[in-house]
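Hi,

Here is the structure I promised to pass on. Have a look at it first, then read my notes underneath.

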Amino acid sequence: MNISVTVNGQAHTLDVEPRLLLVHLIRENLNLTGTHIGCDTSNCGACTVLLDGKPVKSCTVFAVQANGRTVQTIEGVAENGNLHPLQEGFWERHGLQCGYCTPGMIMTAKALLEKNPNPTEDEIRWAISGNLCRCTGYVKIVEAIQYAAEKLQAREKVEA
Amino acid sequence: MIPGKFDYYAPTTLNEAVSLLGQQKGAKILAGGQSLIPAMRLRLAGPEVLIDINRVAGLDYIREENGYLAIGAMTREATLDDSAVVHSKYPLLADTAHVVADPLVRNLATVGGNLAHADPANDHPATMLAFGAQLIAVGPKGERTIPIDEFFTGLFENSLGKDEILREIRIPAPQRGSGGAYLKLERKVGDYAIGAVAVFLTLDGDTCKSARIGLTNVASTPMRARQAEAALVGKRLDDATIKAAGTAAGAECDPSSDLRGAADYKRDVIRVLTMRAIRKAMERAQGGSR
Amino acid sequence: MADVRITTPPEISGMGHRMKRKEDPRFLQGAGHYVDDVKLPGMLYLDIVRSPYAHARILKIDASKALALPGVLAVITGEDLKKAGNLHWMPTLMSDTQMVLPIDKVVYYAQEVCAVVATERYIAADGVELVEVEYDPLPAVVDPYEALKDEVIVRDDKEKKTNHIWHWEAGDKAATDKVFAEAARVVKEHIYIPRIHVSSIETCGMVADWDKINGHMTIYMTSQAPHAHRTVFSLVSGLPEQQIRIISPDIGGGFGGKVPVYPGYVLCAVASLVTGKPVKWIEDRSENLQADSFARDYHIDAELALDKDGRITGLRAKTVADHGAADAACNPSKFPAGLYSVATGSYDLKAAHMEVDGVYTTKPPGGIAYRCSFRVTEAVHMIERMVDIAAHEIGEDPAQFRLKNFIKPEQFPYKSVTGWTYDSGNYHGALKLAMDIIGYDALRKEQAEKRARGELMGIGISSFTEIVGAGPSHTFDILGLKMFDSCEIRIHPTGKAIARLGTKSQGQGHETTFAQIIAEELGIPASDIKIEEGDTDTAPYGLGTYASRSTPTAGAATAVAARKIRAKARQIAAHLLEVKEDDLEWNVNKFQVKGSPDQAKTIQEIAFAAYTNHPQGMEAGLEAVNYYDPPNLTFPFGSYICVVDIDRGTGEVKIRRFVAVDDCGNIINPMIVEGQIHGGLTMGMAPALLEEIVYDENGQNLSGTFADYLLPTAVETPKWELGKTITPSPHHPIGAKGVGESATVGAPPAIANAVVDALWHLGVRHVDIPITPYKVWKLLREHGVTE
């Protein structure tokens, strides 16, 4: 089946099987391997991407469902070659170790901060409760997201 | 991990969807897909045809109408979780949407799908039972209303016809003095409930005028705790009455033993959560905390 | 609180700096390079047909329907491997044997039965569904005590028809028996530590690329020990070792799960040999959970002997070790029960005796794949539970009881009664600091008040001694390979450097920490130092990263190699400054003339001179390699205190606070150490409250997906509070000890102790982990407590 998907701002037209999972479209057909697969029962969130701006598990969406829609992956997060404040925050605050859950975690956090620019720690933990991490114990992920929230709010103030 | 093959349709109108459902052999509706796709990936489900209704316009809404809250069947859990009217006027529903699966699933999962899947482990069935909701189904012969008490007919079985699609859920507008609460005990975020209880009461002062109690994951279908309800109706809700209702709920459910715990544990969880949910519903009914 | 030692400025970023990780940019931008990211032209896919039975004869494998599916190229069976040169069996890293593919029977649920090779991943999956296997089920044996009756034999391929694998002892039985005979009190308990699974977010996988023309095999593999794997592959396959290149690229978490050799790896390599094309195998999560190496599964009968003053005098433990269908635990070869005999812990005992019996059952093979330091998790859980039970039995505060029984600072180096020489420790300091941070006395007061009101609150302590850095060559080897590790450093003319090591990071930050060690020794900015690991063609031989060994071994090798370079740098500096070597002193990043510091040469100037102006008669260049044979293990330690509140109605345990004071000696990067501890605490809490691999009586895995094998999310995970003491290792070149597994070792007993402490007054003395709400509810019910 022919589908058109815009991924990280670029339009693509592809011919795919209906059963092709969105995560495989992204990783295999489009060679964007930053989105990862960590489980097979939709529990881990490593595959999180933004579908029309909302964080979803791309392993639990068929690529054909993304026909005519927009997808953002970790490769599309940096801004004009500059790290997004979330990427900066994860770096500054050691919010990653093996890096495998990190793309999914950042996509979820990005959507969180767009919706709730000043989340409490509990709100952050709740928002990332669909993203499993085995390495960090989450403390520094929370700090990374808080760093980004502050940075984004400061930027808002300057731009305002 | 990899689902089997299927044919795929993405109709843009409900009528088209209904007629495809009638024509295509072995067809299933794809709504949020958050229950169906995992089952297909493990090859526990293998529909030959998927009818994707995500492109049917006009199924995703929350509207206060005459005497009820009308919720489109394709309304996402996240939308319910964010809705001001749901939080302020239907906190039982807000409680429920908040704890379905995890935040990512909630961006795609739909309240209609959560009900139509007819899984006693899902959360909305108990809550809709507690609300006494009505479901609007659309089929080739037109629309019909299904009272929630008639909807769940067996494990993963509902009373929709083979060619009917759920279109809307209607929750009666709250009367004065009513309040509800949903309490869920889960081992971790994203797990199914060890047990959960939805309580909806109307009070006259301290006396219970009506009570509906729905239970999650403690029987082969979503169930009402009718004996627990009976223990409350017409009575002053003091400690002894609440305790009696809890005991009744625990006794009348029929949980299975599994990794979440033995059946007697789950019964006791229902007993305890029923008491706690009644108290919370009372607080809300009396205009107290949210 | 201890101050981290910093002697270099931030631009150089030697030890002690919270340097941002050099490896992060690629991970943050989706440019990590994991095995499933590898794509080679013409690459095929391998998927595996697995057994639905724990124990069954294979009557027939019919692959005809699979082979008829367009895109399926081959189905590999045990018979095929046997014909190819008896490749259907392989050695384990404990010198046992394990089936690659079965011919006669399967011995665990989800065991590999045959492999499908196809042009696409999705077609391989379809092919797997089409293979028809006929089984004749046999009785499963899942209880190791039942297995010891030898009524159902798991390994009938062995000469001796028994499920008993080995018997191992440590300590002095006669001395221990005497101590127990003289004891004023003996405290006994049966402790079961169930089977768990490491579940890194990345599963295991491989891309094998056989180049027929050059007779060369390139393998991308999720491997924590690529050199050892290369040697084993070479010996097993007959391919010459220089013709095998294993590349362990970015690894999404290892924790011990990527040390064993799984049948899938062998099948992938064979498929590439057979087809002459690259072949990729990536396991699903279900396969990973159901078939890959597990950890724990120890059944322990423990006893502590106390004298009349409440001093612990002896420890005795008999343990049944359930290894599944093969002993595939990757322990050092002389230690089938790993470093379990460190179970005398932080306490000064007179005698100890431990016995372990390894047992076969019809479950997947393994034993130590979960951040356990070679069975130290089991040892510490046992001793810390027993110490807590003993304290409660005699009515003494568990903190005071520990302080009374700790090895004292002046006793270090301390020779334990099971033969370990602890290098350094300060147990009193760590526990007192933890008590201070958490406000211990106030908490005990609060507990008493709550108890009077019927509220259940508990405080649990764990004061662990870890043992890492395997290890000295006189004692430690894996399959005969000594457990040194290595670092090779080369300084370029412009003063930048590259260093390669025999270890392999799976998230521990080696690209940063090893650069910091070199920066400390040579004054070259850490950002100018490239660190590489994981390519067996270029990295010096090493035994890999697991059991918290990298800093103790490769970290030492790095410092030693850097010091060799500094020694040569001194010669070059003397030549450049026209002074004698003795006239020079080292100052952060330069050699300067004593008493005349403006006469100096920086390391960069020296490096340039090594290629352009070195003394006549000296070899050009500036590099060194060191294979470090540690003289001893290192002994990180700590004290953890956990506060729990228990819901009387539901049995839920909520961790209200958790303070972790760790001592890992000198700290290279405090931020990275904190991350290791946070992560380790979470992987300690998880088995304490949530994780368990459960089998039914037929050996079916009931918890084989993430839907039932429960990893904690950010909501279940507490806000860990950390503290530290710093007690350097006297024998390690930079005084560092390693820390990766301390928290996984120390946390579970702290939590278990807190729960039992909350319930002791009701008559509860022990509960096995995982402490689920159901377990707690049962205990409450048994003791008359309900809501």
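Below is what came out of it, starting with chain C and then moving to the contacts between chains.

A word on conventions: this is a predicted model, where local features need pLDDT of at least 70 and side-chain atom pairs count only at pLDDT 80 or more, while totals for chains, interfaces and linings use all residues. Residues are numbered from 1 along each chain as its sequence is written, and chains are lettered from A and ligands numbered from 1 in the order in which they are written.

Chain C has 19 helices and 32 strands (DSSP runs numbered from the N terminus: H or I of at least four residues for helices, E of at least two for strands). Its radius of gyration, taken over C-alpha atoms, is 27 Å, close to the 28 Å from the globule rule for 787 residues, so chain C is as compact as a globular protein of that length. That rule is 2.2 Å times the number of residues to the power 0.38. The C-alpha atoms of chain C fit a box of roughly 85 × 75 × 50 Å along the principal axes.

Of the 787 residues in chain C, 62% are buried, meaning that 20 or more other C-beta atoms, placed from the backbone, lie within 10 Å of the residue's own. Helix 16 of chain C (residues 603-612) is a nice example: 7 of its 10 residues are buried, so the helix is largely enclosed by the rest of the structure. Among those buried are Ile603(C), Ile606(C) and Phe608(C). The cover over them includes helix 14 (510-522) and helix 15 (550-577) of chain C.

Now the contacts between chains, where two residues count if their C-beta atoms, placed from the backbone, lie within 7 Å. Between chain C and chain A, 44 residues of chain C and 40 residues of chain A take part. Helix 17 of chain C gives the most to the chain C side, with 8 residues. By class, that side has 16 nonpolar, 19 polar and 9 charged residues (Asp, Glu, Lys and Arg are charged; Ala, Val, Leu, Ile, Met, Phe, Trp, Tyr, Cys and Pro are nonpolar; the others, Gly among them, are polar).

Chain A also touches chain B, through 23 residues of chain A and 22 residues of chain B. Here strand 4 of chain A gives the most to the chain A side, with 4 residues.

Cheers

Definitions and conventions. Buried ≥ 20, exposed ≤ 12 C-beta atoms within 10 Å, placed from the backbone.
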